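Here are a few exercises on strand order and helix packing. Keep the viewer open and try each one before reading the solution.

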Amino acid sequence: MKDIRELLNIEYPIIQGGMANIATHELAAAVSNAGGLGLIGAGGWDVDRVRDEIRKTKALTDKTFGVNIMLMSPYAEAISDMVIEENVKVITTGAGNPGVYMKKWKKAGIRVIPVVPSVAFAKRLARGGADALIVEGTEAGGHIGQITTFTLVPQVCDVVNIPVIAAGGIADSRGLDAAFALGAQGVQIGTVLLASHECPIHDNYKNRVVKAKDTDTVVTGRHTGAPVRVIKNKMARKYLELSKYNNMKLEELELLTLGSLKKAVFEGDMVNGSIMAGQSAGLVKEIRSVKEILDDIFINSRVYKGIL
Ligand code: TUI
């Protein structure tokens, strides 16, 4: 099986989550420059904004970086063509099935790494030509599936013969070691990068992640079909109430979530904002540079030391 580091031309087997409205050129370039795979999160942006972010990232790094395409986005199709024009090397996808785009991306020589929340979906996309899979457990932040990382990763490793990258709940070297022990070749991290100097979110958001304890996240929208993990606050409670009693449409609830994500990201509104974060927030104790975070995860791992 191909090695993920060779496949992506990266030093550390660490991939950044494609966090909508958060994963800008600053964060993507910082992660790529630190030895991982930086990603621009296209969710919430139109084609021109994503193109601009790609060009700005190219100006900040000569290392490989990618674009995460959030498939529920109304701009997903237009972005799927633009990334080819812009010669993007790696695409990760989330929140849907990238099957319809696979052929043209592969023809353009792009490495395609879909995020999958289940064994069935993993099998389908492995057959459909994915180069690797990001297997994301329900511990992750934002839009999630139902299965835990600990149980899902080995089940997917058993049925595919492409590299698996574990995601959800990983914030330090122990998480990376656990992922490798389960059969993964790499990890995707998001929550721990929220608490980085280079992450372009409001300081209130970073401090809230640092302050979070193990039980501070909650999943909204489980029964609407779009479960989203956020840090508990007034907004999360309101969303839970609305989805329980009112017959609000899924689209309306999603707009509410994405709109309130912006409140948290840009205004630092920790009351009415949607503070997306994973369960690993409880492991995040300080705000560091992206380089410190990546070095800590890889250099301190037993995998790096050759023990595992
Ligand atoms: O996509 C994510 N995480 C996200 S996207 C996002 S923006 C958003 N905001 C409000 C509502 C919805 C989205 C915030 N966080 N992670 C990757 C991921 N993909 N998790 C789960 C999935 C997934 C779910 C179902 C992938 C495929 C899938 O398949 C459905 C199908 O088409 O069969």
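**Exercise 1.** In what order do the 8 strands of the open sheet run, and is the pairing parallel or antiparallel?

*Solution.* Keep in mind that this is a predicted model. Walk across the sheet and you read S1-S9-S8-S6-S5-S4-S3-S2, with parallel pairing. Next, check the ends: strand S1 (14-16) and strand S2 (38-41) each have a single partner strand, so one side of each has no neighbour in the sheet. Finally, look at the twist: ignoring direction, neighbouring strands here are turned by 25 degrees against each other on average.

**Exercise 2.** Work out how S1 is joined to strand S9, then find the helices packed on this sheet.

*Solution.* Start with the pair: S1 and strand S9 (residues 186-189) run parallel and share 3 bridges. One to locate is Gln16, whose bridge partner in S9 is Ile189. Now the helices. Helix H7 (residues 149-157) packs on the sheet and touches strand S5 (111-116), strand S6 (133-136) and strand S8 (164-167). The direction of H7 makes about 170 degrees with that of S8. Helix H8 (residues 173-181) also packs on the sheet, touching S1, S8 and S9, and its direction makes about 135 degrees with that of S9.

**Exercise 3.** What is the strand order in the open sheet of 3 strands, and which strands sit at its edges?

*Solution.* The order is S7-S11-S10, and the pairing is antiparallel. Strand S7 (142-143) and strand S10 (217-220) are the edge strands, each pairing on one side only. Zooming in, S7 meets strand S11 (residues 228-231) over 2 bridges in the antiparallel sense; His143 has Val228 of S11 as its bridge partner.

Terms used: Residues are numbered from 1 along each chain as its sequence is written. This is a predicted model: local features need pLDDT of at least 70, side-chain atom pairs count only at pLDDT 80 or more; totals for chains, interfaces and linings use all residues. Side-chain values use heavy atoms; hydrogens and water are left out. Two strands pair if DSSP finds at least two bridges between them. Helices (H or I, at least four residues) and strands (E, at least two) are DSSP runs, numbered from the N terminus. Axes are lines fitted to C-alpha atoms, for helices over the stretch in contact, and angles run from 0 to 180 degrees between N-to-C directions. Contact means heavy atoms within 4.5 Å.
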